[in-house]
Amino acid sequence: MDLLQSLSNQVSYYNKLIQSHSDWEFKGVYIDKGVSCQTKHHRKEYQRLIQDCKNREIDVILTKSISRFGRNTVELLKTIRQLKQRNIAVRFEKENIDTMTTDGELLITLLASVAQEETTSISENIRWRIKERFEQGLPYRSQNMYGYRWDEKLERYVINEHESLIIQHIFKSYLDGKTPAQISKILNHKGETTRKGYAFTRSTIHKFLNQEVYTGQLILQKTYHVGYKGKLILNTGERPRYIVEDAHESIISKEMFNEVQQVKAKEIYT
């Protein structure tokens with residue numbers, strides 16, 4: 001239905017639908033803009049809707065389709081069954097399903113499974129594209145970092161001259177015996193800031209000192225997602241890691257980087 005294509009038209013459509021029923025009372029519109037329906041945890045409006053249902057403020061939920069309500073089969077069916085126990089119906093316009101009917105839950109199970117399969121297919125396609133980029137020695141999502149900027153045409157990191165001098169200063173200062181806290185204090189006193197304009201901190205300096213990227217090396221897939229847009233976790237061997245030597249111009253030598261790691265290791269064990 002063309003009327004339901006845009007968000008504003010959907011709201012208008014359901015307002016009119018509700019007004020056409022004299023025994024219905026309009027409660028409100030619940031919209032999570034730009035948020036995936038895969039999981040409920042980050043959908044604030046969805047959570048507000050469920051809470052209003054628990055408070056017995058809602059009897060019927062109108063939604064365009066199953067995929068708009070949720071794409072995770074387990075969570076979707078759990079929610080529908082909880083609502084059904086409270087005698088709250090969910091009506092899906094596109095599929096013409098009312099969960100309070102006798103065959104409603106069976107149809108929901110079948111259609112939701114299809115939606116889950118579609119989501120899994122999308123996830124597999126994304127995973128394949130990520131793997132292809134890694135095998136080419138390229139990050140899947142290139143992002144700027146302190147000391148470098150990503151050049152779209154060259155498809156590689158290029159040095160930011162000023163920031164590269166700061167990186168060299170940080171590594172040299174550390175080898176000269178200064179602590180990360182002291183280094184950050186000196187940089188802040190000089191008016192230097194991070195790439196996003198924040199003051200340097202001890203943890204910022206520690207992070208820089210651990211970055212092999214400043215030697216020209218890229219290590220890809222240090223982290224990975226569990227499931228479709230799932231939790232980001234550290235890769236400790238569960239997935240292959242891709243090491244790309246001379247991926248871009250170095251800011252410091254590998255010898256200096258290794259020397260810093262040796263000093264850091266001694267600090268940990270002393």
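These are my notebook entries on a predicted model of one chain.

**Entry 1. Overall counts**

I started with the chain as a whole. The secondary structure comes to nine helices and nine strands. Of the 270 residues in the chain, 35% are buried. I then looked up the contacts with a separation of 6 or more, and residues 24 or more positions apart account for 53% of them.

**Entry 2. The sheet of β1, β2 and β3**

I traced an open sheet of three strands in the order β1-β2-β3, and its pairing is mixed. β1 (60–63) and β3 are the edge strands, each pairing on one side only. Between β1 and β2 I noted parallel pairing over four bridges. For a register point I took threonine 63, whose bridge partner in β2 is phenylalanine 92.

Next I looked at the loop between β2 (89–92) and β3 (97–98), where glutamate 95 is found. Is glutamate 95 buried or exposed? Its relative accessible area is 24%, so I put glutamate 95 down as partly exposed; the cut-off for buried is under 20%. I also checked glutamate 95 against serine 65: the two are 30 residues apart along the chain, and their C-alpha atoms are separated by 6.5 Å.

**Entry 3. The hairpin of β4 and β5**

Strand β4 (residues 148–151) and strand β5 (residues 156–159) pair in the antiparallel sense, over four bridges. Arginine 149 has valine 158 in β5 as its bridge partner. Four residues lie between the strands of this hairpin, and glutamate 155 takes a positive phi near 55°.

I then went along β4 one side chain at a time. Tyr148 and Trp150 point to one face and are buried. Arg149 and Asp151 point to the other face and are not buried. In a regular strand the side chains alternate between the two faces of the sheet, and β4 shows that alternation.

**Entry 4. Helix α7**

Which residues of α7 (residues 180–189) are buried? I listed Pro180, Ile183, Ser184 and Leu187. These residues cover an arc of only 95° around the axis, which puts them on the same side of α7. Lys185 and His189 are exposed on the other side of α7. I looked for what covers the buried residues of α7, and the cover includes α6 and α8. After α7 comes glycine 191, with a positive phi near 85°.

**Entry 5. α7 against α8**

The axes of α7 and α8 are 8 Å apart, and the helices pack at an angle of about 110°. α7 and α8 are therefore roughly perpendicular to each other. From α7, the residues in this contact are Pro180, Ala181, Ile183, Ser184 and Leu187; from α8 they are Arg202, Ile205, His206 and Leu209. Sorted by class, the contact of α7 with α8 has six nonpolar, two polar and one charged.

**Entry 6. α6 against α8**

Last, I took helix α6 (residues 161–175) with helix α8 (residues 202–209). Their axes come within 10 Å and cross at roughly 95°, so α6 and α8 are also roughly perpendicular to each other. On the α6 side I found Ile167, Ile170, Phe171 and Tyr174, which meet Ile205, Phe208 and Leu209 in α8. What classes of residue make up the contact of α6 with α8? I counted seven nonpolar residues, no polar and no charged. Ile205 and Leu209 of α8 meet α6, and Ile205 and Leu209 also meet α7.

Note on methods. Residues numbered from 1 in each chain as written. Predicted model: local features only at pLDDT ≥ 70, side-chain atom pairs only at ≥ 80, totals over all residues. Heavy atoms only, no water. Axes fitted to C-alpha atoms, helices over the stretch in contact; angles between N-to-C directions. Helix = DSSP H or I, 4+ residues; strand = E, 2+ residues; numbered from the N terminus. Parallel < 35°, antiparallel > 145°, perpendicular 65-115°, else oblique. Contact = heavy atoms within 4.5 Å. Nonpolar A, V, L, I, M, F, W, Y, C, P; charged D, E, K, R; others polar. Buried < 20%, exposed > 50% of the residue type's maximum accessible area, 1.4 Å probe, protein only. Pairing = 2+ DSSP bridges. Arc of directions from axis to C-beta.
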